[in-house]
Amino acid sequence: MAFVYVVRCAFTEPSREAGWNAWYSGPKIAQMLRKPHFRTCQRFKRIAGHGRDYLALWTLQSPDAFR
């Protein structure tokens, strides 16, 4: 069975947003995928409307990923 871990983010520092995206899409994802039970990650950016700007969906092999 697979599990999904959902991370939503409202980024509030526009001057640092490009650097934050480079870090999250590069080293952060690589670091997390080296951990036991983390399998995949997809990131999304809201292009219209109101709410949190970013969404990351992580698939996990087990909820033990958080232990």
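Two strands are taken to pair if DSSP finds at least two bridges between them. On this basis, the predicted model shows β2 and β3 paired in the antiparallel sense over seven bridges. Within this pairing, Thr40 stands opposite Thr59 in β3. Strand β1, which covers residues 3-9, also runs antiparallel to β3, and seven bridges join these two strands. In the pairing of β1 with β3, Val6 stands opposite Leu57.

The secondary structure of the protein consists of one helix and three strands. From the N terminus on, the order of these elements is β-α-β-β. The C-alpha atoms occupy a box of roughly 35 × 25 × 15 Å along the principal axes. Of the 67 residues, 25% are classed as buried. Among contacts with a separation of 6 or more, 55% are made by residues 24 or more positions apart.

The side chains of β3 alternate along the strand. Tyr54, Ala56, Trp58 and Leu60 point to one face and are buried, while Leu55, Leu57 and Thr59 point to the other face and are not buried. The buried residues Tyr54, Ala56, Trp58 and Leu60 also appear in the largest nonpolar core. This core has 12 residues, and its remaining members are Phe11, Trp20, Tyr24, Ile29, Met32, Phe38, Cys41 and Ala65. Two or more residues are given to the core by each of α1 (17-33), β2 (38-45) and β3 (54-60).

Trp20, a member of this core, is in contact with Cys9, Phe11, Arg43 and Tyr54 when neighbours within four places in sequence are left aside. Of these partners, Phe11 and Tyr54 are themselves listed in the core.

Tyr5 lies in strand β1. With residues up to four places away in sequence not counted, Tyr5 touches Phe38, Ala56, Leu57, Trp58, Leu60 and Phe66. Core members among these partners include Phe38, Ala56, Trp58 and Leu60. Tyr5 is nevertheless classed as partly exposed, because its relative accessibility is 32% and buried residues have under 20%. Tyr5 and Ala48 are separated by 43 residues in sequence, and their C-alpha atoms are 23 Å apart in space.

Asp53 is located in the loop between β2 and β3. Beyond residues up to four places away in sequence, Asp53 touches Cys9, Ala10, Phe11, Phe44, Lys45 and Arg46. Cys9 and Phe11 are thus listed both among the contacts of Asp53 and among those of Trp20. With Arg46, Asp53 makes a polar contact through the side chains of both residues at 2.4 Å. The side chains of Arg46 and Asp53 also meet in a salt bridge, with an N to O distance of 2.4 Å. Arg46 is partly exposed, at 26% relative accessibility.

The structure holds three salt bridges. Besides the bridge of Arg46 with Asp53, one is formed by the side chains of Arg16 and Glu13, at 3.5 Å from N to O. Arg16 counts as exposed because its relative accessible area is 53% and the class begins over 50%. Its partner Glu13 is partly exposed, with a relative accessible area of 39%. The side chains of Arg67 and Asp64 meet in a further salt bridge, at 2.5 Å from N to O. In this pair, Arg67 is exposed, with a relative accessible area of 82%, whereas Asp64 is partly exposed, at 32%.

The structure holds zero disulfides. Cys9 takes part in none, and the nearest cysteine sulfur, that of Cys41, is 13 Å away. The sulfur of Cys41 therefore lies too far for a bond from its closest counterpart, in Cys9, given that a disulfide requires cysteine sulfur atoms within 2.5 Å. Cys41 is instead listed among the residues of the largest nonpolar core, and Cys9 is in contact with Trp20 and with Asp53.

Terms used
Residues numbered from 1 in each chain as written. Predicted model: local features only at pLDDT ≥ 70, side-chain atom pairs only at ≥ 80, totals over all residues. Heavy atoms only, no water. Core = buried A, V, L, I, M, F, W, Y, C linked by side-chain atoms within 4.5 Å. Buried < 20%, exposed > 50% of the residue type's maximum accessible area, 1.4 Å probe, protein only. Helix = DSSP H or I, 4+ residues; strand = E, 2+ residues; numbered from the N terminus. Contact = heavy atoms within 4.5 Å. Polar contact = N/O pair within 3.5 Å; in protein donor to acceptor, adjacent residues only side chain to side chain. Salt bridge = Lys/Arg side-chain N within 4 Å of Asp/Glu carboxyl O.
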